[in-house]
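Okay, thanks for making time, everyone. Let me put the structure up, and then I'll talk you through it.

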Amino acid sequence: MTTTYREALREAHREALSADPRVFLLGEDVGRYGGSFAVSLGLLEEFGEERIRDTPLSESAFTGAGIGAALRGLRPIVEIMTVNFSLLALDQIVNNAATLRHMSGGQLSVPLVIRMTTGAGRQLAAQHSHSLEGWYASIPGIRVLAPATLEDARGMLAPALADPDPVVIFEHGSLYNLSGTLPAEPVAVDIEHAAVRRSGTDVTIIAYAGGLAKALAAADLLAAESISAEVIDLRVLRPLDDATIVGSVSRTHRVVVVDEAWRTGSLSAEVSARIAEQAFYELDAPVERVCGAEVPVPYPHHLEEAALPQPADIVAAARRAVGPRG
């Protein structure tokens, strides 16, 4: 069937709500408004106010309510409008959701899913264009997912709800209108491993979320120059799938890491460090990183584009890694 990323997410919610009466959705405007990005449009009419709950504008309060519900055996899905607003719920996520299993000696589980929109590229200016996934990926006690395809958008929610521990899902805002086809029936999706989205032999390009399409576009441009790029979609940001990353680097011996976040302290830095630790002698060139500029994301379109990784930047980094040919 033909669908969009947004509709794939909505169908995943519909399937979860239909399959398990413990599942419910809560957040700002998820009910009558249909969600800030229309992911939950129509679910209130289908499942009612007990299952689709509009909340006050307090991220700390409704995230805490989700944690409490999870502790009591329910399977809440908390929607936080955009990642910058999640900063208002950091205490609940970091000090409660992520730690309660450990602080209780394994007696308490928090089977909670938190969804939020991330990323730039839509002229929403500095406060609504953050890419903070790397922050969350550094926190023990949670799993962090970043679906970049229709299949993952639809398929990651079910295993996330089945996880006994908190799962944070980042949806890049530029992907909601992504369209394509999906099987009529849901397909099981792995939330343990990265995915090889394109095979190659000369250089590995590692990306995730909104960066995946740019990495694939760069791979097409490189192919025209007879440079074969393998593209890895991280998908699971915590725990990172070291085996897939190292396996690819061992095949290509060169690597470019794409990360929309700021370069300093970014997820790209962690990936680069792991490659250096585990595959240093497989490298024929230094690890290249293509990251967002170290500035608050600008509002003007041309400046925003300049501040974010683009296919041309990825191509240039791959050329540097591969070096002169012939």
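I'll go through some helix packing, then the aromatic pairs, and then a few single residues. One thing to keep in mind is that this is a predicted model.

So, helices. Two packed helices are described by the angle between their axes and the distance between the axes. I've got three cases to show.

Let's start with H3 and H4. Helix H3 covers residues 59-71, and its axis runs 8 Å from that of H4, at an angle of about 30°. Anything under 35 degrees counts as roughly parallel, so H3 and H4 are roughly parallel to each other. Who's touching whom? On the H3 side we have Ser60, Thr63, Gly64 and Ile67, and on the H4 side Gln92, Ile93, Asn96 and Ala97. If you sort that contact by class, you get 5 polar residues, 3 nonpolar and no charged ones.

Stay with Ile93 for a second, please. Ile93 is in helix H4, residues 90-97. Is Ile93 buried or exposed? It's buried, because its relative accessibility is just 1% and the cut-off for buried is under 20%. If we skip the neighbours within four places in sequence, Ile93 is in contact with Thr63, Ser86, Ala98, Ile114 and Tyr136. Thr63 there is one of the H3 residues from the helix contact we just went through. And hang on to Tyr136, we'll come back to that one. For a sense of distance, Ile93 and Glu304 sit 30 Å apart, C-alpha to C-alpha, with their positions 211 residues apart in sequence.

Next case, H9 and H13. That's residues 211-223 for H9 and residues 311-322 for H13, with the axes 8 Å apart and an angle of about 55°. That makes the two helices oblique to each other, and the crossing is right-handed. H9 brings Lys214, Ala215, Ala217, Ala218, Leu221 and Leu222 to the contact, while H13 brings Pro311, Ile314, Val315 and Ala318. By class, this contact has 9 nonpolar residues, no polar ones and 1 charged.

Let's look at Lys214 on its own. Lys214 sits in helix H9. Which residues does Lys214 contact, leaving aside its neighbours within four places in sequence? The list is Leu308, Pro309, Gln310, Pro311 and Ile314. Pro311 and Ile314 are the ones from H13 that you saw in the helix contact. Arg263, by the way, is 49 residues from Lys214 in sequence and 17 Å away in space, C-alpha to C-alpha.

Third case, H10 and H11. H10 is residues 242-252 and H11 is residues 267-279; their axes come within 10 Å and cross at roughly 65°. So H10 and H11 are roughly perpendicular to each other, and here the crossing is right-handed. Asp242, Ile245, Val246 and Val249 from H10 meet Val271, Arg274, Ile275, Gln278 and Ala279 from H11. The class count for this one is 6 nonpolar, 1 polar and 2 charged residues.

Okay, on to the rings. A pair of aromatic rings is described by the distance of the centres and the angle of the planes. How many aromatic pairs does the count give? It comes to 4.

Here's where Tyr136 comes back. Tyr136 and Phe170 make a tilted pair, 5.5 Å centre to centre with 55° between the planes. Tyr136 is in helix H6, residues 133-136, and Phe170 is in strand E7, residues 167-172, so the pair ties together parts that are 34 residues apart in sequence. Tyr136 is buried, at a relative accessible area of 1%, and Phe170 is buried with 1% as well.

Then there's Phe280 with Tyr281, an edge-to-face pair at 5.2 Å centre to centre and 85° between the planes. Phe280 counts as partly exposed at 48% relative accessibility, whereas Tyr281 counts as exposed at 80%. There's also an aromatic cluster, made up of Tyr5, Phe37 and Tyr176.

Last stop, Pro296. Where is Pro296 found? It's in the loop between strand E14 (288-292) and helix H12 (301-307). At 58% relative accessibility, Pro296 counts as exposed. Its C-alpha is 34 Å from that of Asp202, and the two are 94 residues apart along the chain.

That's my tour, happy to go back to any of it.

Methods:
Residues are numbered from 1 along each chain as its sequence is written. This is a predicted model: local features need pLDDT of at least 70, side-chain atom pairs count only at pLDDT 80 or more; totals for chains, interfaces and linings use all residues. Side-chain values use heavy atoms; hydrogens and water are left out. Axes are lines fitted to C-alpha atoms, for helices over the stretch in contact, and angles run from 0 to 180 degrees between N-to-C directions. Helices (H or I, at least four residues) and strands (E, at least two) are DSSP runs, numbered from the N terminus. Angles under 35 degrees count as roughly parallel, over 145 as roughly antiparallel, 65 to 115 as roughly perpendicular and the rest as oblique. A crossing is left-handed if the near helix is turned anticlockwise from the far one by less than a right angle, and right-handed if clockwise. Contact means heavy atoms within 4.5 Å. Ala, Val, Leu, Ile, Met, Phe, Trp, Tyr, Cys and Pro count as nonpolar, Asp, Glu, Lys and Arg as charged, and the others, Gly among them, as polar. Rings of Phe, Tyr and Trp (its six-membered ring) pair if their centres lie within 6.5 Å; planes under 30 degrees apart count as stacked, over 60 as edge-to-face and the rest as tilted. Buried means under 20% relative accessible area, exposed over 50%, partly exposed in between (1.4 Å probe, protein chains only).
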